[in-house]
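Let's take a quick tour of a protein model. Have the sequence and the 3D view handy, and follow along point by point.

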Amino acid sequence: MKTQSFNSDDCIELVVKRYTDMVYRLAFAQTRNKSDADDIFQEVFMRYIRKKPEFQTEEHRKAWLIRVTINCSKKLWASAWKRKTEGLDESAIFQEQDEKYLYLELKKLPVRYRAVIHLFYYEDLSIEEISKILKRKPSTVRTQLTRGRYKLKEILKEEYDV
């Protein structure tokens, strides 16, 4: 059986298919807006196609895509245009009501906590992997994860009297 290499141009479609959900979910978690997430999704894969980076492992490719997605999100938040705009309600994209409530509560967390919580719970990355991707110390990631959980618990307690 022939194994496929993800390093050739022919496999760009395979890479896009494999990482579409991950990149889009992360972009959406960072931007909290469907149209911004669409733009970031497109930018991430355009950079991938233009640069044609070579990777030794799939974990390295995944980490590169996560890092680029986070950098594109930061760039969006830092832009003067973004700071002067206000997004539309994106709650209609969720199929489950619980997903919508959790999304709305996660939006209340600061971006640094939201990124760590998303990567840990939605992408199943370890603290060490998150620290490499976000270029933060593992102890910092652990602290941000703990503080994010605590803040989310407080938010849920206030909102839903849990």
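A salt bridge is a side-chain nitrogen of Lys or Arg within 4 Å of a carboxyl oxygen of Asp or Glu. The side chains of Glu58 and Arg61 fit that description, with N and O 2.9 Å apart. Keep in mind that this is a predicted model.

**How confident is the prediction?**
- The protein chain has a mean pLDDT of 82, and 79% of its residues get to 70 or more.
- Of the chain's elements, helix α2 (residues 34-51) has the highest mean pLDDT, at 92.
- At the other end is helix α4 (residues 80-83), whose mean of 64 is the lowest.
- Go easy on residues 1-5: pLDDT stays under 50 there, and the model has two contacts for them beyond four places in sequence.

**Salt bridges**
- The count comes to seven salt bridges.
- Back to Glu58 and Arg61: both sit in helix α3, three residues apart, which is about one turn of the helix.
- Glu58 counts as partly exposed because its relative accessibility is 22%, while Arg61 is buried at 2%.
- That pair has company, since Arg18, Glu58 and Arg61 are linked in a network of salt bridges.
- Over in helix α2, Lys34 and Asp38 are four residues apart, again about one turn of the helix.
- Their side chains form a salt bridge, at 3.3 Å from N to O.
- Lys34 is partly exposed at 36% relative accessibility, and Asp38 is partly exposed too, at 31%.
- Glu105 pairs up with Lys108 in another salt bridge, with the closest N and O atoms 3.1 Å apart.
- Here Glu105 is buried, at 4% relative accessible area, whereas Lys108 is partly exposed at 42%.

**Thr69, tucked into helix α3**
- Thr69 belongs to helix α3 (residues 58-78).
- Is Thr69 buried or exposed? It is buried, because its relative accessibility is 0% and buried means under 20%.
- A polar atom of the Thr69 side chain lies 2.7 Å from the backbone oxygen of Leu65.
- Setting aside neighbours within four places in sequence, Thr69 is in contact with Val23, Leu26, Ala27, Ile40 and Val44.

**Gln144 in helix α8**
- You'll find Gln144 in helix α8, which covers residues 138-160.
- Gln144 has a relative accessible area of 10%, so it counts as buried.
- Which residues does Gln144 touch, not counting those up to four places away in sequence? They are Arg112, Tyr113, Val116 and Arg136.

Conventions. Residues are numbered from 1 along each chain as its sequence is written. This is a predicted model: local features need pLDDT of at least 70, side-chain atom pairs count only at pLDDT 80 or more; totals for chains, interfaces and linings use all residues. Side-chain values use heavy atoms; hydrogens and water are left out. Helices (H or I, at least four residues) and strands (E, at least two) are DSSP runs, numbered from the N terminus. Buried means under 20% relative accessible area, exposed over 50%, partly exposed in between (1.4 Å probe, protein chains only). Contact means heavy atoms within 4.5 Å. A polar contact is a pair of N or O atoms within 3.5 Å; within protein, one must be able to donate a hydrogen and the other to accept it, and residues adjacent in sequence count only if both atoms are side-chain atoms. pLDDT is the predictor's confidence in each residue, from 0 to 100.
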